[in-house]
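Student: Hi! I've just opened this one and don't know my way around yet. Could you walk me through it?

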Amino acid sequence: MQERSSVGELANHLRRELDRYSPDEKLPSSRTLVERFRVSPVTVSRALAQLAAEGLVVTRPGAGAFRARPRPAAAPAGDTSWQEVALSADGAADLVPRSVDATGVTASLAAPPPGVVEFNGGYLHPSLQPERAMSEALARAGRRPGAWGRPPMEGLPELREWFARTIGGGVGAAEVLVSAGGQAALTTALRALAPPGAPVLVESPTYPGMLAIARSAGLRPVPVPVDADGVRPELLADAFRATGARVFVCQPLFQNPTGAVLAPARRGEVLRIAREAGAFVVEDDYVRRLAHEDAGPLPRPLAADDPDGVVVHVGSLTKATSPSFRVCALAARGPALERLRAIQVVETFFVPRPLQEAALELVGSPAWPRHLRTVAAELRARRDAMASALRLRLPELALPHIPSGGYHLWLRLPEGTDETVLGAAALRAGVALTPGRPYFSAEPPAAHMRLSFAAVAGTEEIGEGVRRLRTACDEVLSANRST
C-alpha cells in the first residue's frame, strides 16, 4: 500500500513540473529522481510509466524520459442520435426487451469518493487480499514451460481437477470448464439453458448482476421468496407450475443479500422439484471460501448430491482473492455441458493461460490455506463489529439475520423510508451504502439496504461508518416522522 501511494505522489509531483520543460526536452534521470524524492527506482519507473500511459511523457530505452508533444485538438463530436432509432428497432420483435441496466452492479463496483467509508463494496479490502501470494504465484506461473501458449479450451486439466475435488461428490474434471469469473459463467449458463423470452426463476431478493444478465438475454426473471432457511420449496414448485420455467438460479450458501443458508431438509426438495419440472438449477456458489471463523462445517455444494445433471455449478476464486483474479469453475453433466462449452468458446475462446497457471500455483501453495484462515477470522471480527455498532447506534434498523459467511449484512429500513433519499444523505455524511431495490425482480415488500464489512480498512472504520450512517438516518428518519 505504501509503494502504491508513493507512485501516485511522485506522478503528481512530476505532472505539476512538466510545464518547465519544452516538448521533447529530457526530464531528470531516474537516478536524480530517486535521490531528490528519496524513493526507490521501482517507484520512479512506475510513476514515469503512469505519465507515459497518460500521454504526457515519452520514454526512450537507453535515453531517458522526455516531455511528450502536445496532443492534437480533439475532433468535433459527431451526431449519434440516429442510434436511438437503430437500437430500439433492433429489439422491436423481442418477446422480452433486452434492456441492459447495470446500476445494481455498478453500485458495488464503483469506488466512492476519497474519504467516504465504503460500505457498498463487493470485494475484499486490499489489506485482506493475498497480494504477495498472488504476485509470487503469477511470477512462478510465468516461468512455467508454455505458460504463454494457448491453453485447452476447457481449461488446464490440473485446474479442472482441483475445482472438481472442491465441488466433491461424483463430479469429475471432465465435467468442469474454467471460466473467466462468476459473472461470465452465469452469463454462459443462462444463455445455454434458456431461450430468449423464457421465464427464469430467481430467489427474491437476489444478486442484481444475475438479474441484469437475465434481462440482457431477453429472459423474464420470476421471483421466488427466500426466508431464513433459503428458498421456500412450496413456492418454488408453484412457480415452476405457473410459468413452465426450465431454469432456477439460486445461492444455497450465504445467499446474497440475505446471508441465508439453504436448510438441510430443503436441499433434496429443491432438487426433486426441479427434476420433476424437467428444469435446471444454476447453483451460484460464490462465497464458499469466505466462511467466517465460527461457521462450522459447511454443507456440500448441491452439485455434489446431484447425479442426474440437474445442477449447473458456478464456483469462483474471485471473492476470496481479488477483483482481477477472475478464475471460476462452471460444472455440468450430460448434453448441457457441451452446450455450455460451445457458448463459452464462442464468447471468450478461453481464460488466459498465465492466469490459470497462477491459480494453480496459488491454490497449491502453503499461503492459500493460511490466507483463508486469516480472512475467516477477520471477517468474523468485522461482522461482529458492524452488527454491534448497528444495534447500539441504529436500533431502528432491523437486522433479522447475522450470517456466518460472506461479506455483508442485510437490513430492513423503517416503514416509509425512501432508499434513494437515505443513500444520498449517507453519501453526504461520508458513507456509501447499497440500496435494496435492485435486489428485487418485482416490487419489494419493504425498503432495505446492504452494508459490506469486507471492503473497509478495519473495525475502526466500521465504527466510524456506522456513526456517519447515524447522522444520515437522523436527517432522513426525522423528516419522515415530521411528515
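**Pockets, cavities and a few odd residues**

Student: How do the residues of the lining of the largest cavity divide by class?

Tutor: They divide into 4 nonpolar, 3 polar and 3 charged. Here Ala, Val, Leu, Ile, Met, Phe, Trp, Tyr, Cys and Pro count as nonpolar, Asp, Glu, Lys and Arg as charged, and the others, Gly among them, as polar. Before going on: this is a predicted model, in which local features need pLDDT of at least 70, side-chain atom pairs count only at pLDDT 80 or more, and totals for chains, interfaces and linings use all residues. Residues are numbered from 1 along each chain as its sequence is written, and side-chain values use heavy atoms, with hydrogens and water left out.

Student: Thanks. Which residues line that largest cavity?

Tutor: The lining is made of Phe-163, Thr-166, Ile-167, Asp-285, Arg-288, Arg-289, Pro-301, His-313, Gly-315 and Ala-329. Helix 7 (157-167) and strand 10 (311-316) are the elements that give two or more residues to it, and the largest share, 3 residues, comes from helix 7. Helices (H or I, at least four residues) and strands (E, at least two) are DSSP runs, numbered from the N terminus.

Student: And how many cavities are there in the whole structure?

Tutor: A search finds 4 cavities of 30 Å³ or more, and the largest holds about 70 Å³ of space. On a 1 Å grid over the protein atoms alone, a cavity is a set of points where a 1.4 Å probe fits but cannot get out, while a pocket is an open set with protein on both sides within 12 Å along at least five of seven lines; lining residues have an atom within 4 Å of a point. Grid points are joined across faces, edges and corners, and a volume is the space filled by probe spheres set on the points.

Student: OK, pockets then. What is the volume of the largest pocket?

Tutor: About 410 Å³ of space lies in the largest pocket. It is lined by 25 residues, and the closest to its centre are Tyr-123, Gln-183, Tyr-207, Lys-319 and Arg-326. Helix 5 (103-109), helix 8 (182-193) and strand 10 each supply at least two lining residues, with the largest share, 4 residues, from helix 5. By class, the lining has 10 nonpolar, 10 polar and 5 charged residues.

Student: What about the second largest pocket?

Tutor: Its volume is about 340 Å³. Of its 15 lining residues, Pro-205, Val-226, Thr-258, Trp-410 and His-448 are the closest to its centre. Strand 6 (220-227) and strand 12 (408-412) each give two or more residues to this lining, and strand 6 gives the most, with 3.

Student: Where does Pro-205 lie?

Tutor: Pro-205 is in the loop between strand 5 (199-204) and helix 9 (208-216). The bond joining Ser-204 and Pro-205 is a cis peptide bond, with omega about 5°. Another cis peptide bond joins Asn-256 and Pro-257, where omega is about 20°. In general, most peptide bonds are trans, and most residues other than glycine have a negative phi.

Student: Which residue in the loop between strand 8 and helix 11 has a positive phi?

Tutor: Phe-254 sits in that loop, and its phi is near 55°.

Student: Buried or exposed?

Tutor: Phe-254 is buried, with a relative accessible area of 2%. Buried means under 20% relative accessible area, exposed over 50%, and partly exposed in between (1.4 Å probe, protein chains only). Arg-38 also has a phi near 55°, but Arg-38 is exposed, at 77%. Arg-38 lies in the loop between helix 2 (30-37) and helix 3.

Student: Switching to helix 3: which of its residues are buried?

Tutor: Thr-43, Val-44, Ala-47, Leu-48 and Leu-51. Seen down the axis of helix 3, these buried residues fall within an arc of 130° (taken from the directions from the helix axis to the C-beta atoms), so they line one face of the helix. The face turned away from the buried side carries the exposed residues Pro-41 and Ala-53.

Student: Last one: what is Leu-317 in contact with?

Tutor: Leaving aside neighbours within four places in sequence, Leu-317 is in contact (heavy atoms within 4.5 Å) with Trp-162, Phe-163, Arg-289, Phe-325, Val-327, Ala-359, Val-363 and Trp-368. Leu-317 counts as buried, at 0% relative accessibility.
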